[in-house]
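Thanks for coming, everyone. I'll keep this short. Please have a look at the screen.

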Amino acid sequence: MSTEFLEQYRRVVTQPMDFASMRKRLTSYVTCPRTVVDDFRLICSNALAFHPSDSPFAAEATKLLKVVPWLEAQVGKLERERPESLSTPRSTPTPTAKVES
């Protein structure tokens, strides 16, 4: 990417997010499904803010945003069914003790 492109992007998008960063957050420390939905929405919103409305990027972002209500409904369902499992912070896995046979 050109320096000019990045400078323009940073002027328009004040809170960048991308799928690679979202994946890293998921595998590192994000345990709350609502955060995943928020990141997904942010990616789409950033695309709409930056790209012209007639661009393929804006068209795809618009399509993807239509999934957000369904995702939010799924998160709400999880929150109702298993609220305790959604608020537990992720920690580094504890090594399993080796059982002698």
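Which residues does His51 touch, not counting residues up to four places away in sequence? There are two names to note: Phe57 and Ala58. Before I go on, a reminder that this is a predicted model.

Let's place His51. His51 sits in a loop, between helix H3 (33-50) and helix H4 (56-65). Now take Ala61, 10 residues away along the chain. The C-alpha atoms of His51 and Ala61 are 9.9 Å apart.

Step back to the whole chain for a moment. The protein chain has 101 residues, and 21% of them count as buried. It has 6 helices and 0 strands. Read along the sequence, the pattern is α-α-α-α-α-α. What about contacts between residues at least 6 apart in sequence? Of those, 62% join residues at least 24 apart.

Now the pocket. The largest pocket has a volume of about 410 Å³. Its lining counts 18 residues. Which of them lie nearest the centre? Those are Tyr9, Met17, Ile43, Ala47 and His51. So our loop histidine, His51, is one of the residues nearest the pocket centre. Which elements give two or more residues to that lining? Helix H1 (3-12), H3 and H4 do. H3 gives the most, with 5 residues. As for chemistry, the lining of the largest pocket divides into 14 nonpolar residues, 2 polar and 2 charged.

Stay on helix H3, and look at Asn46. Is Asn46 buried or exposed? Asn46 counts as buried, because its relative accessibility is 8%, and the cut-off for buried is under 20%. What lies by its side chain? A polar atom of the Asn46 side chain is 3.0 Å from the backbone oxygen of Gln15. Gln15 also turns up in the contact list of Asn46. Leaving aside neighbours within four places in sequence, that list reads Tyr9, Val13, Gln15, Pro16 and Met17. Two of those names, Tyr9 and Met17, you have just heard among the residues nearest the pocket centre.

Next, the rings. How many aromatic pairs are there? The count comes to 4. Start with Phe5 and Tyr9: their ring centres are 6.4 Å apart and their planes are at 15°, so this pair is stacked. Where do these two sit? Both are in helix H1, 4 residues apart, which means about one helical turn between them. Phe5 counts as partly exposed, because its relative accessibility is 31%.

Tyr9 has another ring partner, Phe50. That pair is edge-to-face, with 4.9 Å centre to centre and 65° between the planes. Why care about where the two partners sit? Tyr9 is in helix H1 and Phe50 is in helix H3, so the pair ties together parts that are 41 residues apart in sequence. Phe50 counts as buried, because its relative accessibility is 13%.

Put the ring pairs together. Phe5, Tyr9 and Phe50 are linked into a cluster.

One residue to take away: Tyr9. Tyr9 lies among the residues nearest the centre of the largest pocket. Tyr9 is in contact with Asn46. And Tyr9 pairs with Phe50 edge-to-face. That's my list; over to you.

How values were computed: Residues numbered from 1 in each chain as written. Predicted model: local features only at pLDDT ≥ 70, side-chain atom pairs only at ≥ 80, totals over all residues. Heavy atoms only, no water. Contact = heavy atoms within 4.5 Å. 1 Å grid on protein atoms, 1.4 Å probe; cavity = no way out; pocket = protein on both sides within 12 Å on 5 of 7 lines; lining within 4 Å. Points joined across faces, edges and corners; volume = space filled by probe spheres on them. Nonpolar A, V, L, I, M, F, W, Y, C, P; charged D, E, K, R; others polar. Buried < 20%, exposed > 50% of the residue type's maximum accessible area, 1.4 Å probe, protein only. Polar contact = N/O pair within 3.5 Å; in protein donor to acceptor, adjacent residues only side chain to side chain. Phe/Tyr/Trp six-rings, centres within 6.5 Å; stacked < 30°, edge-to-face > 60°.
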